[in-house]
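Q: Please take a close look at one part of this structure and explain it step by step for someone new to the subject.

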Amino acid sequence: MAAASATTAEQSHRRRSVSKVAIIGAGISGITAAKHLSGHHPVVFEATDSIGGVWKHCAYRTTRLQTPRQDFEFSDYPWPPPATGNDDFPTYLEVLDYLHGYATHFNVLRFVKFNCKVVQLRYIGGPEAEDSTAAGVYGNLLNGRSVWEVAVEDTQLNTIQWYEFELVIICVGRYGDIPNIPKFPQNKGQEVFKGKVLHSMDYAKLDHDAARALLQHKRVVVVGYRKSAIDLAVECAQANQGPEGQPCTMVIRSLHWTVPSYRIWGLPFFLFYSTRFSQFLQESPNQGLFKALFCSLFSPMRKAISKFIESYLTWKLPLEKYGLKPEHPFEEDYASCQMAIMPNNFFEEAKKGKILFKKTSKWWFWSDGVQFEDNTKLEADVVILNTGFQGKQKLQSLLPHPFNTLLVDSSGIIPLYRGVIHPLIPNMGFVGYLESVSNLRTGELRCKWLARLAEDGFKLPTIHKMLQQTANEIQVMKNTTRFYKRQCVSTFSISYTDEIYQEMANTSN
């Protein structure tokens, strides 16, 4: 960042205008955005040497897709036939191959500048954009005037180049880059621990041999119980087979529901939450009086569906045996996009004693391991933090003042209209931050919507109406799950999709 703080004269002299559109990040969202905005010849700035985003840089050897491949597929680029004939959940390498195939097929890689890290954004929109905002109107995305200056560091040449664009699309997602590190009282943090501490993001960067060496014959503590923590526990167990192997202990603060497959009591899972009828039982934004009354009348049925799924999961998986049954309803995890597929051999390793569990609300370090609120201690050689990422902070770090202060509202939510446009930040799109059950499909739809908006194919509502729409969506999430800040649209995804298509169909006058 220090290199980016050149004098104003130097910045003006070095500024380049190479395209109307900048895209930050070449993960799934960035590549998809580049494909749909290809008519504008966008420039995609990718900080690393490859596309793929979290699938490239935050995946483990055992990481697999969490939704069936048919639900994680571009509308115009099908998956190749699975190698085994019935593999519904591709490996992370297969996902990367699929994304590379998509980018190659649509000639998207020509837009990507690799090893180019965006280090600073500067707003230069001028009074026209400010007047539009003051009038309560979100201006055109492409109007012939540069709105953003972008400072880009070439990480190989160690140089800074400034560019200017009319539209900037941020596709860095909520995962990766800035780890969420727990805070501890004085003298109880990792500095007192004699062993090794690393975040899951750092573990993902290790090659196979280095990862195995880190885990093998070591007393490993894995903090967390979401999908990445579960995968890591399995890898740890696999590295510690045999008499000299050590068990891996999962330290769990919050439990979440996991499923062994996408069938419940023999029924396809999509029947419960992904059909028009099943979602008609769920509250949705902008619903009419009849729908509201229907949802209220049939709320016991929603609870019964959740109980029905829970009954299968507690029968199929030894959740109660190991104290892993969540206290909250299954529906709350589905509504917050936290449902995970359980690896086939997870409980087999637990049965062999290779994976142990410790449920606690508080823990901290001591010299030889970790200690818990019940004053018990656990000796450890390695502690791996699967504690998530600071997605909001990552976005705020990119934005200049005052937009970094406007990004998150007073309730801790990023209000993105259609999951893309922040009503208070001009000429900028965000793709890949808001989640759904199928992030690829939803991301593709949002990119289509954004491309049509950039072509002035339709007009946005007023800033007030956009903020009201996002508030309505958040209220539905609050009514459905305690984890609403994850901003997932899973329980009303069909009406959400319908509204986006309807808006795209409303051509500008």
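A: What follows starts with one helix and then moves outward to its surroundings.

This is a predicted model, in which local features need pLDDT of at least 70, side-chain atom pairs count only at pLDDT 80 or more, and totals for chains, interfaces and linings use all residues. Residues are numbered from 1 along each chain as its sequence is written, and side-chain values use heavy atoms, with hydrogens and water left out.

The helix is α18, residues 463–480. Helices (H or I, at least four residues) and strands (E, at least two) are DSSP runs, numbered from the N terminus. The expected span of a helix is 1.5 Å times one less than its number of residues. For the 18 residues of α18 that gives 26 Å, and the end C-alpha atoms are 26 Å apart, which agrees.

Next comes the question of which side of the helix faces inward. Buried means under 20% relative accessible area, exposed over 50%, and partly exposed in between, with a 1.4 Å probe and protein chains only. In α18 the buried residues are I463, M466, Q469, T470, E473, I474, V476, M477 and T480. These residues cover an arc of only 155° around the axis, so they sit on the same side of α18. The arc is taken from the directions from the helix axis to the C-beta atoms. On the face turned away from the buried side, α18 carries the exposed residues H464 and K465.

The helix also contributes to a core. A nonpolar core is a set of buried Ala, Val, Leu, Ile, Met, Phe, Trp, Tyr and Cys residues joined through side-chain atoms within 4.5 Å. The largest one has 58 residues, and I31, I169, I421 and W449 have the most contacts inside it. At least two residues of this core come from each of β1 (21–24), α2 (28–36), α4 (92–105), β7 (167–170), α17 (439–454), α18 and α19. Helix α17 gives the largest share, 8 residues. Apart from this core lies another, of 51 residues, including V220, F272, Y273 and L317.

One of the core residues, I31, can be followed further. Contact means heavy atoms within 4.5 Å. Leaving out residues up to four places away in sequence, I31 touches A26, I51, L99, Y102, A103, V108 and V112.

Two of the strands that supply the core, β1 and β7, also belong to a sheet. Strands of a sheet pair through backbone hydrogen bonds, either parallel or antiparallel. Two strands pair if DSSP finds at least two bridges between them. Here 5 strands form an open sheet with parallel pairing, in the order β3-β2-β1-β7-β20. Its edge strands are β3 (112–113) and β20 (428–430), each pairing on one side only. Strand β2 (residues 43–45) and β3 pair in the parallel sense over 2 bridges. In one of the bridges, F45 has K113 of β3 as its partner.

Past the end of α18, the loop between α18 and α19 (493–505) holds C488. A disulfide is a pair of cysteine sulfur atoms within 2.5 Å, and a search of the whole structure finds 1. C337 and C488 form it, with their sulfur atoms 1.9 Å apart. The torsion about their S-S bond is about 60°, so the disulfide is right-handed. It links distant parts of the chain, as C337 is in the loop between α13 (330–335) and β14 (340–341), 151 residues from C488. Both C337 and C488 are buried.

Why do C236 and C248 form no such bond? The sulfur of C236 has that of C248 as its closest cysteine sulfur, but the distance is 3.8 Å, which is too far for a bond. C236 is buried, because its relative accessible area is 0%. For C116, the closest cysteine sulfur is in C171, 16 Å away, so that is also too far. C116 counts as buried because its relative accessibility is 10%.

Finally, a few backbone details lie elsewhere in the chain. H401 and P402 are joined by a cis peptide bond, with omega about 5°. P402 is in the loop between α15 (391–398) and α16 (403–406). N158 has a phi near 60°, a positive value in a residue other than glycine. This asparagine, N158, is in the loop between β5 (148–154) and β6 (159–165), and it counts as exposed because its relative accessibility is 62%.
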